[in-house]
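Dear colleague,

I am handing over the structure we spoke about, and below it you will find my notes on what turned up when I went through it. Please read them alongside the coordinates.

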Amino acid sequence: MSTSAAASPPVLEVENLSISYHDGIAHHRAVHDVSFRIEPGEVVALVGESGSGKTTTAQSIIGLLQANGRIDGGSIKLNGTDIARWSDRQLDVVRGAKISLVPQDPASSLNPVKTIGAQVSEILRIHGAASGHALEAQVISLLERVGLSEPALRVRQYPHELSGGMRQRVLIAIAVALKPQLIIADEPTSALDVTVQRRILDLIDELRTEFGTSVLLVTHDLGVAADRADRLVVLQGGRVQELGATKIVLAAPRSAYTRQLIADAPSFSAVARKTPATAREKAAPSDNDVVIVDGLVQDFVRPDGDGKPFRAVDGLSFRVRRGTTHAIVGESGSGKTTSIRAIVGFQKPTAGRIEIDGTDLSQLRGETLRQFRRKIQLVYQNPYGSLDPRQTVFDIVAEPLLNFGRLARPAREAKARAILSRVGLPEAALSRRPHALSGGQRQRVAIARALVLDPDVVVLDEAVSALDVTVQARILDLLDELQHDLGLTYLFVSHDLAVVRQISDTVSVLKDGRLVDGGAVEDVFERPGSDYTRELINAIPGQNRAALV
Amino acid sequence: MSGYLLNRLGQALFVLWAAFTISFVLLQAMPGDAILIKFQNPELGLNPQQIANIRASYAADSAIWVQYVQTIGRFSTGNFGYSVQAGVPVSTMLAAHLPATLKLASLGFVLAAVLAVAIAFVSSLTPFAWLRGALQSVPSLFISIPTFWLGIMLIQIFSFRLKLVPVINPGPWQELILPVVTLAVPISAPLAQVLVRNIDDVLTRPFVAVARAKGATRHWVLWRHVAKNALLPTLTIAGVLFGELIAGAVVTETVFGLNGIGGLTERAVGSQDAAVLQAIVVLSALAFVVINLIVDLLFPVLDPRLRTKAGATA
């Protein structure tokens with residue numbers, strides 16, 4: 001991707017860096033003896049799961065460790081000068097000018113009460129790079145450079161008036177404003193839709209080539225790293241597991257951990273978990289269809305009341321055979337969530353028919369609707385938010401049993417215990433509260449809660465999107481196993497096509513509330529029926545490696 | 001926007017009506033009334049017929065609902081009626097006592113805001129952990145001090161011991177110094193607490209890290225990014241605290257012998273002067289409602305996110 005000039009010194013040289021956090025009692029080492037270097041114009045990816053120390057390492061380079069963090073040893077050399085122990089005052093000159101940051105979450109990374117123009121011009125003002133009319137002209141040209149339409153209008157807008165992708169472009173404009181030598185991109189696209197993600201990464205690549213900037217790309221997504229980085233630094237538990245040229249690391253990983261990461265990354269797995277022949281057959285209508293959606297329409301009244309309703313879902317139809325997995329794919333605003341809410345009976349559709357296991361949903365009212373809900377259960381994306389922090393795991397899982405039917409306490413207990421061991425949670429987890437569990441364990445609890453009522457259909461709303469790849473792979477294994485053993489039908493809502501391809505039999509692709517593609521997964525992936533589907537498939541990261549293997 | 005405004009105005013009118021009605025019912029439910037207290041005094045030597053005539057002139061014995069409708073009708077035109085005890089129009093009495101209270105309350109509120117902002121910002125800016133700890137414990141100390149005790153202590157220390165502020169024949173501003181401090185201290189405590197918490201909360205937001213990554217100093221970030229975001233939720237609390245301010249003013253005026261609405265309230269309660277009390281309740285409710293209406297209308301001005309219509313963002 002780039003050529004590193006051997007003559008010039010590295011832009012960044014991290015040597016034996018150790019960092020620890022103080023938790024009020026003692027220091028806990030989070031980063032152990034990490035060393036790597038970044039040459040001019042090079043992209044180096046720090047890859048690892050949550051807790052691997054990748055973000056801590058990145059924060060220490062720009063001098064923005066959390067207040068309870070400290071550098072215990074080692075050096076961070078910027079152009080040969082060690083800045084590891086510099087004061088804030090010294091670092092203020094470096095930050096923004098020599099090293100800049102593209103943050104993770106564009107939604108919360110811009111000040112909500114300041115205009116875009118004020119936030120872009122700020123970096124120029126802090127470093128005295130421009131003032132007056134020159135300042136405004138430079139801000140507009142920066143916004144134009146990062147591909148924002150109508151930059152003169154954007155200058156006066158506030159962050160909430162821009163989409164996630166546009167906000168990330170603004171943050172990139174800020175990061176490149178002073179043509180720094182190094183940009184730290186901390187999970188720059190993990191909060192964005194795949195097609196937006198691709199365009200943003202392309203933009204970073206383009207600007208890097210134009211300005212000769214080096215990039216430290218922090219990511220948990222090996223696919224993204226494979227596509228974009230010249231070299232990889234694989235971190236686990238704060239230690240470097242493997243380091244080297246991207247192609248070599250991916251083609252011949254030396255550490256067991258890297259091999260595991262590659263095996264678990266959905267974008268790399270060439271084989272689907274389902275066998276194509278049966279999947280294709282499952283796409284045909286049959287008497288054994290447990291979910292039938294026919295011509296679903298959902299309108300919302302606009303709050304500003306010009307009388308014309310907003311059509312969130314427009315004529316969606318699909319059928320799902322018992323014991324199979326149907327994926328609903330689309331970007332934010334495509335109508336995925338709205339469709340799901342109608343299917344589980346949370347809201348009455350404007351038009352169309354929904355049939356679950358032979359029951360027409362529109363006929364259900366009050367108590368019959370409540371009883372129907374045990375047939376179809378939901379697992380949400382965010383296991384932190386969907387579990388009551390004050391309940392124990394046992395209470396969380398047993399609660400649905402209290403709501404439906406009158407099982408005696410011993411029977412309830414036995415049932416909850418059985419289901420928890422079914423989802424692979426240790427007995428000891430029963431009395432814990434959600435905060436004491438890992439992300440993967442929390443999602444297992446959420447799955448157990450959904451299964452405790454013996455539902456026919458489980459709706460998985462982005463249920464694995466927030467998890468690290470290796471954890472995600474284990475949860476997908478579990479879902480597979482449960483489907484096989486219990487004959488469950490899954491409705492799998494996701495924006496991640498790599499995962500969808502792995503685990504679904506059939507798929508519906510939604511755009512602006514309409515079905516643009518549907519059918520057996522391999523048909524849709526191999527012969528996409530719409531440009532949109534093709535764009536989605538091309539945006540899946542990790543395809544460089546797929547070509548390489 | 002106009003829907004928002006109409007909605008808030010409607011709520012404000014409802015609050016006023018409710019305050020009027022509840023206070024009217026409570027004042028009517030009290031045994032005895034101002035006329036009996038004043039004119040049944042044996043020293044006046046009035047016979048029952050004369051008392052009955054006086055009662056008739058005040059329409060004191062007509063049906064409650066007739067009085068209610070008449071009073072609400074008068075109030076809506078700004079006519080607060082006559083004080084039985086003083087024998088002058090209530091509006092004249094209010095006009096005489098209101099300026100002192102307005103001065104006390106507004107100065108008290110300004111001082112409370114200044115104290116709260118000082119405590120919050122100095123504690124977040126200071127590099128010394130001990131100072132930060134000390135400043136952040138100040139609000140809980142302030143909030144537990146009773147107004148009457150603080151007033152007396154301030155007089156003891158500053159007037160009698162240190163002789164810094166005269167109590168005998170003070171100037172028009174001198175006499176306000178200690179009452180304003182007394183009033184401001186308990187109001188500043190919850191403001192400071194909320195502000196400290198909001199600043200800490202805003203400091204953890206990602207946009208603060210982005211601002212630091214631009215090379216902004218801690219001061220720059222605090223004043224240009226954190227301040228406005230942290231002050232927004234504090235504004236709501238400030239509106240609610242206005243009620244405390246009114247209650248505090250009554251006690252403070254009594255302690256310092258100031259001739260304001262507080263003193264007037266105290267005397268009107270003693271003589272069961274229902275007309276005066278009714279007017280004071282409605283006036284306080286009006287002030288409270290107007291202040292909170294202003295706060296509600298300020299929000300869209302200060303926070304651009306509230307300016308666009310709901311649902312217009314995509």
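**Sheets and strands of chain A**

Strand β19 (residues 506–511) of chain A is joined to β20(A) by six bridges, and the two run antiparallel; within this pair, A:Ser508 has A:Gly518 of β20(A) as its bridge partner. Please keep in mind throughout that this is a predicted model. Both strands belong to an open sheet of six strands in chain A, which has mixed pairing and the order β16-β17-β18-β13-β19-β20. Because β16 (376–379) and β20 (514–520) of chain A stand at the edges with a single partner strand each, one side of each is left without a neighbour in the sheet. On average, neighbouring strands of this sheet are turned by 15° against each other, direction ignored.

A second place to look is strand β9 (residues 231–236) of chain A, where six of the six residues are buried, so that the strand is largely enclosed by the rest of the structure. The cover extends to both faces of β9(A), since A:Arg231, A:Val233 and A:Leu235 on one side and A:Leu232, A:Val234 and A:Gln236 on the other are all buried. As background, side chains in a regular strand alternate between the two faces of the sheet. β9(A) pairs in the parallel sense with strand β3 (residues 43–47) of chain A over four bridges, and it is joined by six bridges to strand β10 (residues 239–245) of chain A, with which it runs antiparallel. A:Arg231 takes part in both pairings, as the bridge partner of A:Val44 and, on the β10(A) side, with A:Ala245 as its partner. β9(A) and β10(A) form a hairpin with two residues between them, and A:Gly237 in the turn has a positive phi of about 55°.

**Helix α3 and the contact with chain B**

Nine of the 11 residues of α3(A) are buried, so this helix is largely enclosed by the rest of the structure; among them are A:Ile116, A:Val120, A:Glu122 and A:Leu124. The elements that cover the buried residues include α4 (132–145), α5 (151–154) and α6 of chain A. After α3(A) comes A:Gly128, with a positive phi near 60°.

Between the chains, 32 residues of chain A are in contact with 25 residues of chain B. On the side of chain A that touches chain B, α2 (88–94), β6 (99–102), α3 (116–126) and α6 (164–176) of chain A each supply at least two residues. By class, that side of chain A has 15 nonpolar, nine polar and eight charged residues.

**Backbone points to check**

Two residues other than glycine have a positive phi: A:Asn79, at about 50°, and A:Glu462, near 50°. A:Asn79 is placed in the loop between β4 (69–78) and β5 (81–82) of chain A and is partly exposed, with 15 other C-beta atoms within 10 Å. A:Glu462 is found in the loop between β17 (457–461) and α17 (469–486) of chain A, and is partly exposed as well, with 18 other C-beta atoms within 10 Å.

**Confidence**

The model scores ipTM 0.79 and pTM 0.81. Chain B averages a pLDDT of 84, with 96% of the residues scoring at least 70. Among the elements of chain B, helix α2 (residues 34–39) has the lowest mean pLDDT (71), whereas helix α9 (residues 206–213) has the highest (94). Over residues 309–314 of chain B the pLDDT is below 50, and this stretch has 12 contacts in the model beyond near neighbours in sequence.

With best wishes

Definitions and conventions
Residues are numbered from 1 along each chain as its sequence is written. Chains are lettered from A and ligands numbered from 1 in the order in which they are written. This is a predicted model: local features need pLDDT of at least 70, side-chain atom pairs count only at pLDDT 80 or more; totals for chains, interfaces and linings use all residues. Two residues are in contact if their C-beta atoms, placed from the backbone, lie within 7 Å. Ala, Val, Leu, Ile, Met, Phe, Trp, Tyr, Cys and Pro count as nonpolar, Asp, Glu, Lys and Arg as charged, and the others, Gly among them, as polar. Two strands pair if DSSP finds at least two bridges between them. Axes are lines fitted to C-alpha atoms, for helices over the stretch in contact, and angles run from 0 to 180 degrees between N-to-C directions. A residue is buried if 20 or more other C-beta atoms lie within 10 Å of its own, exposed if 12 or fewer, and partly exposed in between; C-beta atoms are placed from the backbone. pLDDT is the predictor's confidence in each residue, from 0 to 100.
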